[in-house]
Amino acid sequence: MFLFFFGGMMSLPSSRRSIVAYLVLVLLDCCWDAASGQLSYSVSEEVNPGMNVGNIAKDLNLNVQDLESRLFQLVTGSKRKYFEVNLKTGFLYVNERIDREELCAEEPKCMVSVEAVINNPLKLYRVEIEVKDVNDHSPSFSTKSQILDIAENTLPGFRFALSEASDADVGKNGVSAYKLSPNEHFTLATHKREDSISPELVLQKPLDREKKAHMQLVLTALDGGTPPNSGTSEIEINVLDINDNAPVFSSTLYKVQTLENVPIGTTVFTLNATDADEGTNSEVVYSLRSKDQDHILDIFKIDPDTGVISVKGKIDYEDRKAFEIRAEARDKAQPPLSAHSKVLVEVIDVNDNTPEITVTSLMNTVNEDAAVGTAIALVSVLDRDSGKNGEVKCEILNAVPFKLDTNYKNYYSLVVDGHLDREVTPQYNVTISARDEGSPPLSSISIITVHVSDVNDNAPSFPEPVINVYVKENSKVGTVIKTVTACDADVSNNGQVSYSLLDSNSKSLPPPTMVNINSETGDIVSLQSFNFEETKTFQFKVQATDSGVPPLSSNVTVNVLILDENDNNPTILAPYSEHGSVNSESIPYSAEAGYFVAKIRAVDADSGYNALLSYHLSEPKGNNLFRIGSSTGEIRTKRRMSDNDLKTHPLVVLVSDNGEPSLSATVSIDVVVVESTADIQTQFRHVPIKEESFSDLNLYLLIAIVSVSVIFLLSLISLIAVKCHRTDSSFSRYGAPMITTHPDGSWSYSKSTQQYDVCFSSDTLKSDVVVFPAPFPPVDAELISINSGDTFTRTQTLPNKEKVSRKQFP
C-alpha cells in the first residue's frame, strides 16, 4: 500500500509533492515504530550545482543497487530543493545554487534538514547539512553621504558619531575595522561591543570657516575575509559661522553727481559693505546717521537691505549745490558690529523751466469762406530761463489750413492759410509747440480749437434721381403712399429742407388733383382712390428747397404705379351667361368615360392672379358621374351610365378667381341622358348633321372665324403701335400680357399694357373665341401657364427686385 502511495505521489507536481511527502513523514513518525537515524554534512555556499556533499548510501549502510527499486528519495519541507541523491552512485549532491544570506539571514549557524525515505521495509532517516559562509558580500553603509554641521569655535577633542556599516556575511567575514581618509583636522576612533564595531570622528585641530567652510572625508569599512572586502561613505562637514568679522566699506568717502529736479525715488548711489561671516552674521543693514543732518534726511533715504540711496524730496540747485551724507553699515549678529562711510553728492544745474504759451482769440468762429490771411488769434510765448534756455521756437505741429506769422520776438498771429470746408471738417484742433534751446530742450504744447461756421454752399440732394412708388388700387384717400427725403450737408437754416410738387408734362390728370406732399416731412398723400382699370401709372416731380440765402434746390422724379386689386367678379360668357336662365345639355346613355358634355367660359376684368380663373363642379349628393377641368372649364363624364343613374342631372359650376379674397360666379346646367346619338344632335343647341349643301350654321362659323382673324390682326397691330409710340421710356421694361393656346388645349397667360389677349379653345365641336382686356402691370414680369392636367404655374418678379419664385397650384 505504501509503495503504491509513493508511486502515485511521484506523478504529482513538485510543489504539491513536497507538501504531501512532508505530511506523510509526519504521519509515519507518529504512527509507525520505524527504524531511524541521523547524518550530518557540511558544504560551502555558492558552490556549483552537482557538487557531491557525501556518500549517503554508504553512510546509511544501504546497497546502491537497491536505492532505485526501494524508491529512495529526499523530502524537504520547503519549496526549493537544494540537495538531491544520485540513485546510481548513492552520493548526496548540490541540486541548485545556495545563498546562505538568503537562506539563514544573520543566523550564526545555517542548517538545512532533509528526510531520507526508503521502502521495503519503510525506513526514515534525518539528514542535516550545514551551509558554511564565504566572504561574498562587502560592507555597505545605509547612506552614501553623511552630513555634519560643526561650529567653527568647537574645541579640539570633541567626538562626532558616524553611521555604522553592515555586512550580510557573519563571523570573521563581517565588518571588522574602519579607516578615515587623511586630513589635518579629524581622526577616527572605534568602539567594539559584542559582534559590532562603531566609528567616531574626533576633532584634532580648531576650525576656521572664513578659511575653509566645507570639507569632504571618506570613511572606509573593512571585513575580516581573505582577501578583505570594503565599502565607503562620504562625510560632508559644514563649518558653522560665528560673528567674528565686522562689515567693511570699499571706501570711507564716495563722490557722486546728480541733476536737480530728479524725480522722487531716483537712485543717487548704492553703498556696498561686505562681511566675511555668513548667515545672519553676514547680513548687513544700512542706515543714515540722524545726528546733525536733519536736512539730509528730508532729501535722501537709504534702503536698509540693498544700500540704495535715493531721492526723497526735491533737489533744487538754487537752494543747495552739494550734500554730505553720512551712512552706517551694521550686521545682524548679537552683539552687532558696524562700519561708517560718507557720500558727497554734487548737484548739477539743468534747464528746468518750460516755455508758457498764451492764446488770445480774435473771433469765436471763422466762416468756411474766409479769405487766406484772415487773423484768428494772437499767440505769445514766455520762458523764465535765460540764455539758450530762454530762446524759444514756436511752430504748428499738425497739418491744418492755418499758419503762424511772426509779429516780433515771441509774439505771433494765427491766420488762415488754405480753403475751409465746414461739411468736411467742422472744427480744427491746432497744435502749437514752443521749444527752447536748452540742453536738453524743454517744450510745451497748446491746442487751439477753431470752429468753422456754415455758409449755404450745398443744395439738397435725393438718394436717387427716380423714385418708383407702388400703390394698390381702391386705397383710402389720404394714405401716405411714399415719404421722400432729401439731405443737405449744411446746418441750421441752410440745411432745413422743404418739399413741393412740380407739374410734369404728362397728358394725364395734373398731380395736384391726385396727390399732395407735406412740405416739412416729405410725406406724399393720395387725394383720391385709384382705379387700376382707369389709371395704371402717372408721374410728377418733387422739389426740395433749403432755407439758405439764397436758397438752393434739387428735383426728383416720382413714378406712381397702380397695383391691381381683386375687385371684379368673374363673368360667364355665352351661351350660359343669361342670368336666371336654365341651361341644359344632353348626353347619350351609351357615353363612355371622358365623354365631352359642355364647356364653361368666363372672363375677369382684373389682371394677373386676380384674373386667373378656376372651375369647380357641384353635383347632387350620391351622384359622382361628372368632372370639370379646373382650368379649361370642360365638363366630361367620369364613367359609363348605369340603370341606377338619374335621367336628369342638375349641375352647379362655380367659377372663382385666384385673388385675395377670391371672387366667384356660378351657373346651373341640367344634363339630360337620352337613348340615342340622334337625339343629342337635335337637342345640342341645334347643331345640324353634316350635309353636302352649304347650311346657315356653316355661314355663321365662317363669319366667326373671319371675326376672330380680324380681331387677332388688330390686336397684333395695336401691340406693335404701342411698342413703337410709347412716350415714357421709364416703363419700357414691362412686357405685354399674352394668352396663347397649346396643341393639347392648355393655355399660357402673361401681362402687359394697352393690349387685348385672345384665347382659343382646343375643342373642335364647341370652339370659342374669348377676348381679354390686358391691364398695365405694376410689376416687372409675370407668366402664368395652364396645361392639360388642370394645373397652372406662375412665375413672377416682384417690384422689390426679389428673386423669381415658382409655385404649383392644383
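The following dialogue walks through strands, a disulfide and a sheet in a predicted model.

Biologist: What should I know about the numbering and the kind of model before I start?

Modeller: Residues are numbered from 1 along each chain as its sequence is written, and this is a predicted model in which local features need pLDDT of at least 70, side-chain atom pairs count only at pLDDT 80 or more, and totals for chains, interfaces and linings use all residues. Side-chain values use heavy atoms, with hydrogens and water left out.

Biologist: How many residues of strand 6 are buried?

Modeller: Strands here are DSSP runs of E with at least two residues, numbered from the N terminus, and buried means under 20% relative accessible area, with a 1.4 Å probe and protein chains only. In strand 6, residues 110–118, seven of the nine residues are buried, and the strand is mostly covered.

Biologist: Which strands pair with strand 6, and in what sense?

Modeller: Two strands pair if DSSP finds at least two bridges between them. Strand 3 (residues 73–75) pairs with strand 6 in the antiparallel sense over three bridges, and Ala116 of strand 6 is the bridge partner of Leu74. Strand 7 (residues 123–132) also runs antiparallel to strand 6, joined by nine bridges, and there Glu130 is the bridge partner of Met111. Four residues lie between the strands in the hairpin of strand 6 and strand 7, where Asn120 takes a positive phi near 55°.

Biologist: Which cysteines form a disulfide, and why is the disulfide right-handed?

Modeller: A disulfide is a pair of cysteine sulfur atoms within 2.5 Å, and by this rule the count comes to one. Cys104 is joined to Cys110, with an S to S distance of 1.8 Å, and the disulfide is right-handed because the torsion about the S-S bond is about 60°. Cys104 counts as buried because its relative accessibility is 12%, and Cys110 is buried at 1%.

Biologist: What is the strand order of the open sheet that contains strand 29?

Modeller: Four strands form this open sheet in the order 27-33-32-29, with mixed pairing. Strand 27 (365–367) and strand 29 (392–396) stand at the edges, each with a single partner strand, so one side of each is left without a neighbour in the sheet. Neighbouring strands are turned by 30° against each other on average, direction ignored, where axes are lines fitted to C-alpha atoms and angles run from 0 to 180 degrees between N-to-C directions. Within the sheet, strand 32 (residues 427–436) pairs with strand 33 (residues 443–453) in the antiparallel sense over nine bridges, and Ile445 of strand 33 is the bridge partner of Ser433.

Methods
Buried < 20%, exposed > 50% of the residue type's maximum accessible area, 1.4 Å probe, protein only.
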